[in-house]
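Biologist: Please take a close look at a single part of this model. I would like to know what it touches, and then how it sits among the rest of the chain.

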Amino acid sequence: MVYRLTVRDHMCRMRNFLPHAIVLSLATFLAACNTSSVYNNVPVNKSAGSATNIASLTAVIEANPSDASAYSTRGIAYGQAGKLDKAVEDFDRALQLNPQSYQTYANRALVYRRMGRNQEAVSDYTRAINIKPDYDVAYVGRGNIYRQQGNFSAALSDFNSVIARDSSDARAFYNRGLIYQAQNQHPQAIEDFATAIGLNPKASAPYTARGISYIAVNDPTTAFSDLSMAVNLDRDSSIAWANRGLAQEMLNKPKEARRNYTRAITLDNSNQVAREGLGRVGS
């Protein structure tokens, strides 16, 4: 059977499957925020928690038992190594010694986030902000939690606060864009993603997000360009590959779409966008 779906036909059918593309992509972004990084996009590093490294940091603490920064440094190492309970213990001790350390509150909040203790994380970010009202890291971290909880009003307030200070923090624009995208305000989302890309052109997620919004406004050519950049920056992004296939399908290129959907399924067998796409173009 020859595949002859025109772009016009495809647009009619988009009403049925486009929302799933956007929801799935957002869900994946949120999951990544919860699991991939602890300290400002620093991946979990098991070697940071090696016996040798921890012993060295412990020796510093033993030599300076009243040094809050020593506990905080070891807490960061524990956090990077995935030893979250020990990280919290060290941050607790650091804050006992120096309760005005807004950085330590933010670091402990990041660990709480990773542990799924979001309310405690919000409280710590708020404490950091109370100590240093212009601390962008805390606003972005707290805003992310609010966004994940669906509290878009509070999240927007935090991201807007960062942006109003003429911040160069790409994360504030990216995350505000995700909120606009979730609310189907795609022109605003595209603008924020563009700003995030300008501030950090090596990050793949804003290209993926902007590509998804371009799909939503029926601009598959520009979407394909963004999603191609996304997969060039992150070859393992199932979401980028799946939505790149969707853009190609909209451009009436079923063979190319099939290859992208297949790549997405290889990376993530549960990718709904790719599975539905293969169902349309054939496996």
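**A helix contact and its surroundings**

Modeller: On one side of the contact, A242, N243, L246 and E249 belong to helix α13; on the other, V273, A274, G277, R280 and V281 belong to helix α15. By residue class, this contact of α13 with α15 consists of five nonpolar, two polar and two charged residues. The model is predicted, and everything below is computed from it.

The geometry of the pair comes next. Helix α13 covers residues 238–250 and helix α15 covers residues 272–281; their axes come within 9 Å and cross at roughly 30 degrees. The cut-off for roughly parallel is under 35 degrees, so α13 runs roughly parallel to α15. The hand of the crossing of α13 and α15 is left.

Helix α15 has another partner in α14, residues 254–267. Here the axes are 9 Å apart and the packing angle is about 145 degrees. The crossing of α14 and α15 is left-handed. From α14, the contact takes in P254, R258, Y261, T262, A264 and I265, while α15 supplies V273, A274, R275, G277, L278, R280 and V281. Sorted by class, the residues of the contact of α14 with α15 are eight nonpolar, two polar and three charged. The two contacts share part of α15: V273, A274, G277, R280 and V281 meet α13, and these residues also appear in the contact with α14.

The loop between α14 and α15 holds N271. With a relative accessible area of 1%, N271 is buried, because the cut-off for buried is under 20%. N271 also links back to the start of α13: S238 lies 33 residues away from N271 in sequence, yet the C-alpha atoms of the two are 7.2 Å apart. S238 is where the range of α13, residues 238–250, begins.

To place this part in the whole, the protein chain contains 15 helices and two strands. Of its 283 residues, 49% count as buried. Taking contacts between residues at least 6 apart in sequence, 53% of them join residues at least 24 apart.

Earlier in the chain, α7 (136–148) and α9 (170–182) are among what covers the buried residues of α8. Those buried residues of α8 are A154, A155, L156, D158, F159, V162 and I163. Helix α8 spans residues 152–164; at 1.5 Å a residue its 13 residues should span 18 Å, and its end C-alpha atoms are 17 Å apart, which agrees. After α8 comes D166, with a positive phi near 55 degrees.

Helix α7 is largely enclosed by the rest of the structure, since eleven of its 13 residues are buried. The buried set of α7 is D136, A138, Y139, V140, G141, R142, G143, N144, I145, Y146 and R147. Its end C-alpha atoms are 18 Å apart, in agreement with the 18 Å that 13 residues should span at 1.5 Å a residue. Just past α7, G150 has a positive phi of about 85 degrees.

Most residues other than glycine have a negative phi. Two loop residues depart from this sign. N184, not a glycine, has a positive phi of about 60 degrees, and N184 sits in the loop between α9 and α10 (186–199). Its relative accessibility is 57%, so N184 counts as exposed. N218, likewise a residue other than glycine, has a positive phi near 60 degrees. N218 lies in the loop between α11 (204–216) and α12 (220–233), and at 43% relative accessibility N218 counts as partly exposed.

A charged side chain can be added to the picture. R108 lies in helix α5, residues 102–115. R108 has 11% relative accessibility and therefore counts as buried. Neighbours within four places in sequence aside, the contacts of R108 are F91, D92, L95, D124 and R127.

To return to the part examined, α15 meets residues of α13 and residues of α14, and the buried N271 occupies the loop between α14 and α15.

Notes. Residues are numbered from 1 along each chain as its sequence is written. This is a predicted model: local features need pLDDT of at least 70, side-chain atom pairs count only at pLDDT 80 or more; totals for chains, interfaces and linings use all residues. Side-chain values use heavy atoms; hydrogens and water are left out. Axes are lines fitted to C-alpha atoms, for helices over the stretch in contact, and angles run from 0 to 180 degrees between N-to-C directions. Helices (H or I, at least four residues) and strands (E, at least two) are DSSP runs, numbered from the N terminus. Angles under 35 degrees count as roughly parallel, over 145 as roughly antiparallel, 65 to 115 as roughly perpendicular and the rest as oblique. A crossing is left-handed if the near helix is turned anticlockwise from the far one by less than a right angle, and right-handed if clockwise. Contact means heavy atoms within 4.5 Å. Ala, Val, Leu, Ile, Met, Phe, Trp, Tyr, Cys and Pro count as nonpolar, Asp, Glu, Lys and Arg as charged, and the others, Gly among them, as polar. The expected span of a helix is 1.5 Å times one less than its number of residues. Buried means under 20% relative accessible area, exposed over 50%, partly exposed in between (1.4 Å probe, protein chains only).
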